[in-house]
Amino acid sequence: MERLECHVKEYAWGKYGDNSEVARLYAAGHKRFNIGQNVPYAELWMGTHPDGPAKLAKCSTKLSSFLARSKSASFLSNNNAKNDVHLPFIMKVMSIRTTLSLQVHPTKEQAARLHELDPIHYPDRHHKPELAYALTEFQLLCGFRPADQIAENLQAFPCLRALMGEKNCLRLENAIATEEDKQSLICRTALGSCFRQMMNLARDKPDLVEDLVDELIENLNDGTRGCLMEETVRVMKKMNVDFPGDVGVFSPLFLNHMILQPGECCYYAAEELHAYLSGECVECVGCSNNTIRAAMTPKFIDRDALCEVLNYRMSSPESYMIPANQLADFPNVEEYAPDCRDFQLHKVTVDPKKCRSALMPPLECASIIVLVRGKAYLEEIGEVGTSQTSNSDICLEDSDFDRRPVTRGDIIYIPPGIRLRFTDCTEFVEAYRTFSYETGPDHENRKIVQLVPPEKLKPRFELTDSEESGIFEVEAECDGCL
Ligand SMILES: [Zn+2]
């Protein structure tokens with residue numbers, strides 16, 4: 001096991017200072033870190049991606065370099081000659097204050113093409129499926145609404161028709177009314193025409209779009225609802241405060257608005273339009289930093305790439321939910337397993353009032369675990385394939401196996417094939433472990449674009465202790481957030 005020092009991202013949409021769980025969790029694991037109250041702490045990255053690489057706490061070696069030299073390299077990579085071996089996932093904790101951009105992530109094929117053409121905006125060649133597990137109430141927009149809801153909102157809001165074009169809307173309504181299968185190519189093509197018209201208008205006639213947003217807000221103030229919940233109306237008004245007159249304010253009329261309660265989890269792959277709205281989550285993503293943005297951002301909007309990748313599938317919010325699967329042999333572990341090879345998530349809880357120890361499933365793949373609360377020891381009890389059983393009550397004193405105290409904020413890399421348990425738990429433990437049996441992507445040959453001369457870049461954080469200085473690398477300017 002290796003304790004990790006990880007990377008904090010400041011983005012404009014992050015929660016400030018002590019309000020941010022990212023900052024609080026990071027500070028809990030790094031005692032000399034001072035939280036800046038005016039800093040928007042948005043994301044804590046736990047993975048090997050070059051735009052925010054984890055390092056070993058004991059020596060500041062990058063985890064990816066350590067993996068390339070470790071005996072696990074053959075499990076994790078098809079090419080052992082590499083200097084860096086990447087995990088297929090990044091686990092993140094996110095703290096969201098304002099709406100993130102309306103966005104979609106490319107497929108693997110599209111990512112490779114986009115990186116070749118435009119490495120500034122598409123910093124690697126990999127795809128980026130995403131899973132969000134709600135730590136607090138967590139709101140997002142995700143996927144196009146079911147067809148009947150879109151049809152209802154088209155009837156209720158004339159400004160939406162004006163935005164998407166009357167002819168396109170009639171075609172979509174006709175397709176929805178006549179097609180038995182609402183996922184048919186005819187329905188999806190009709191929705192695609194509506195969407196493209198909207199994006200073109202946002203580019204060509206932003207003043208007209210602003211007027212239509214005003215009309216939309218007036219409609220909402222007059223009590224027009226279509227199929228919207230009151231909470232969705234509140235979100236739309238907030239969007240118009242954060243991004244006045246932006247075409248994205250219309251998006252809840254045609255996208256599912258999901259309000260996840262703590263413990264609920266959703267997943268979507270490439271091709272799905274989405275935007276995080278508020279709250280805090282554990283996120284698992286593919287080891288990529290590629291995002292195609294549609295609206296609600298001052299950053300680059302790539303309308304052609306966007307319209308090309310969207311699948312225009314109209315479906316219910318439930319279809320994005322991932323149920324918790326209580327593992328039969330491991331009563332302390334719930335598994336969230338989307339249809340995705342890049343990551344799976346285990347939630348581990350240990351209640352010292354019930355039992356001070358908890359076994360974790362042995363995984364023959366690499367994983368990273370983060371404690372968000374609790375106090376216990378994390379202990380190796382052998383390797384997979386040895387004779388020790390999961391009920392083993394062996395004495396670990398004088399053993400070579402690793403045993404270390406862990407508490408909130410600790411982030412640990414676990415190599416493949418290790419049997420582990422929490423033990424001597426004195427405070428309720430809640431931990432998240434991300435793992436994958438896939439080999440990681442190759443980021444060694446990505447095109448690097450340096451926009452600012454290195455001598456002009458200043459580190460964002462500096463810790464005073466010389467051993468720990470240099471934990472934070474300067475954030476790359478090409479980190480996908482231009
Ligand atoms: Zn995303």
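These legends accompany several views of a predicted protein model with a bound zinc ion.

**View 1. The whole protein chain, as an overview.** Start here to get your bearings: the secondary structure of the protein chain comes to 11 helices and 20 strands. Of its 482 residues, 59% are buried. Among contacts with a separation of 6 or more, 78% join residues 24 or more positions apart. The protein chain exposes about 19800 Å², with carbon and sulfur atoms supplying 48% of that area.

**View 2. The zinc ion and its donors.** Which residues hold the zinc ion? Coordination comes from Q103 through OE1, H105 through NE2, E130 through two OE contacts, and H274 through NE2. These distances run from 2.1 to 2.7 Å. If you like to trace the site in the sequence, the donors follow the spacing Q-x1-H-x24-E-x143-H. Q103 belongs to strand β6 (residues 102-104) and H274 to strand β11 (residues 274-286), so this pair ties together parts of the chain that are 171 residues apart in sequence.

**View 3. Two zinc donors and their burial.** Are Q103 and H274 buried or exposed? Buried means under 20% relative accessible area. Q103 has a relative accessible area of 9%, so it counts as buried. H274, at 1% relative accessibility, is buried too.

**View 4. The largest nonpolar core.** Here you are looking at a core of 60 residues. The residues with the most contacts inside this core are F144, F195, F250, F254 and L273. Helix α8 (residues 185-204) contributes 9 residues, the largest share of the core. Apart from this core lies another one, of 42 residues, which includes L4, L25, A68 and V93.

**View 5. A close look around F144.** What does F144 touch, once residues up to four places away in sequence are set aside? Its partners include F195, F254 and L273, which are also listed with F144 among the residues with the most contacts inside the largest core. Other partners of F144 are I150, L191, L255, N256, Y312, R313, M314, S315 and Y320.

**View 6. R293, an annotated position.** An unreviewed UniProt entry places the feature "active site" at R293. In the model, this arginine is found in strand β12 (residues 292-295). R293 has a relative accessible area of 8%, and is therefore buried.

Key
Residues numbered from 1 in each chain as written. Predicted model: local features only at pLDDT ≥ 70, side-chain atom pairs only at ≥ 80, totals over all residues. Heavy atoms only, no water. Core = buried A, V, L, I, M, F, W, Y, C linked by side-chain atoms within 4.5 Å. Buried < 20%, exposed > 50% of the residue type's maximum accessible area, 1.4 Å probe, protein only. Helix = DSSP H or I, 4+ residues; strand = E, 2+ residues; numbered from the N terminus. Contact = heavy atoms within 4.5 Å. Donors = N, O, S within 2.8 Å, 3.2 Å for Na, K, Ca; no water. Areas by Shrake-Rupley, 256 points an atom, 1.4 Å probe, with all protein chains shown as cover. UniProt positions renumbered as here; feature names shortened; annotations may be inferred.
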